[in-house]
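Here are a few exercises to work through with the model open in your viewer. Try each one before you read its solution.

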Amino acid sequence: MARNKVKLAYIENNAARKASYNKRKKGLLKKANELSTLCGVEACVVIYSSASDSQPEAWPSNVAAHRILSGFKALPAEEKSNRTLTQESLIKQMIAKAEERLKKMREENRRMELTQIMFQIFGGRPLNTVKREDFNDLRMLIDQNLNAIDIRLQMLNESYVLQ
């Protein structure tokens, strides 16, 4: 059965909010335990809710969480920053990856467009209908295709000689 998408907004009803808090806290602690067990990493979770608890709750225990956090704080600043991912740095990484994918897609689209123009010209399309800036790119594409054909012919000739 599919779950309904949860609207991320403050829950006004106190009972529903507390029930959701307890359920999600239990799920978060379970995930931290699974991460620690399956991946063999040290993990801790600190949950502080001014509304429900007077003291922060730590998993696996206050002592273990304090030990893990102290170990992290003891790292040199450079190593610490390498292991810390802020929301801003995460978004910057995502933007950089998306821009790189966009660049690759544009290059591929341009190559496909030029290939189509090349075949249209071979099929009889008049050259005066091709944009001036496309000619240099078409020349490079044709050179690449001719080089690929030369390499294939050399490979075929070498395999023919060996037989």
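**Exercise 1.** Find the closest N and O atoms of the salt bridge between Asp134 and Arg110, and say how far apart they are.

*Solution.* Start with the rule: a salt bridge needs a side-chain nitrogen of Lys or Arg within 4 Å of a carboxyl oxygen of Asp or Glu. For Asp134 and Arg110, the closest N and O atoms are 2.7 Å apart. Next, place the partners: Asp134 sits in helix α5 and Arg110 in helix α4, 24 residues apart, so this pair links distant parts of the chain. Helices here are DSSP runs of H or I with at least four residues, strands are runs of E with at least two, and both are numbered from the N terminus.

Then check the cover, where buried means under 20% relative accessible area, exposed over 50%, and partly exposed in between (1.4 Å probe, protein chains only). Asp134 comes out at 4%, so it counts as buried. Arg110, at 25%, is partly exposed. Finally, look around the pair: Arg110, Glu113, Asp134 and Asp137 are linked in a network of salt bridges.

Two notes on the ground rules. This is a predicted model, so local features need pLDDT of at least 70 and side-chain atom pairs count only at pLDDT 80 or more, while totals for chains, interfaces and linings use all residues. Residues are numbered from 1 along each chain as its sequence is written, and side-chain values use heavy atoms, with hydrogens and water left out.

**Exercise 2.** Work out how Lys92 and Glu88 are spaced along helix α4, then do the job again for Glu34 and Lys31 in helix α1.

*Solution.* Helix α4 covers residues 87-122, and Lys92 and Glu88 are four residues apart in it, about one turn. Their salt bridge has its closest N and O atoms 3.3 Å apart, and both residues are exposed.

Now go to helix α1 (residues 14-39): Glu34 and Lys31 are three residues apart there, so about one helical turn separates them. Their closest N and O atoms are 3.9 Å apart. Glu34 is partly exposed at 31% relative accessibility, whereas Lys31 is exposed at 57%. The background is simple: an α-helix has 3.6 residues a turn, so residues three or four places apart point the same way. The full tally of salt bridges in the model is nine.

**Exercise 3.** Check the length of helix α2 against its residue count, then decide which of its residues are buried.

*Solution.* First, the length. The expected span is 1.5 Å times one less than the number of residues. For the 13 residues of α2 (62-74) that should give 18 Å, and the end C-alpha atoms are indeed 18 Å apart.

Second, the burial: Ala64, Ala65 and Ile68 are the buried ones. Seen down the axis, the buried residues fall within an arc of 100° (taken from the directions from the helix axis to the C-beta atoms), so they line one face of α2. Asn62, Val63, His66, Lys73 and Ala74 are exposed on the other side. Strand β2 (57-59) is among what covers the buried residues, going by contact (heavy atoms within 4.5 Å).

**Exercise 4.** Locate Met155 and say whether this residue is buried or exposed.

*Solution.* Met155 lies in helix α5. Its relative accessible area is 54%, so Met155 is exposed. Measure the C-alpha separation from Arg132 too: 36 Å in space, for 23 residues in sequence.
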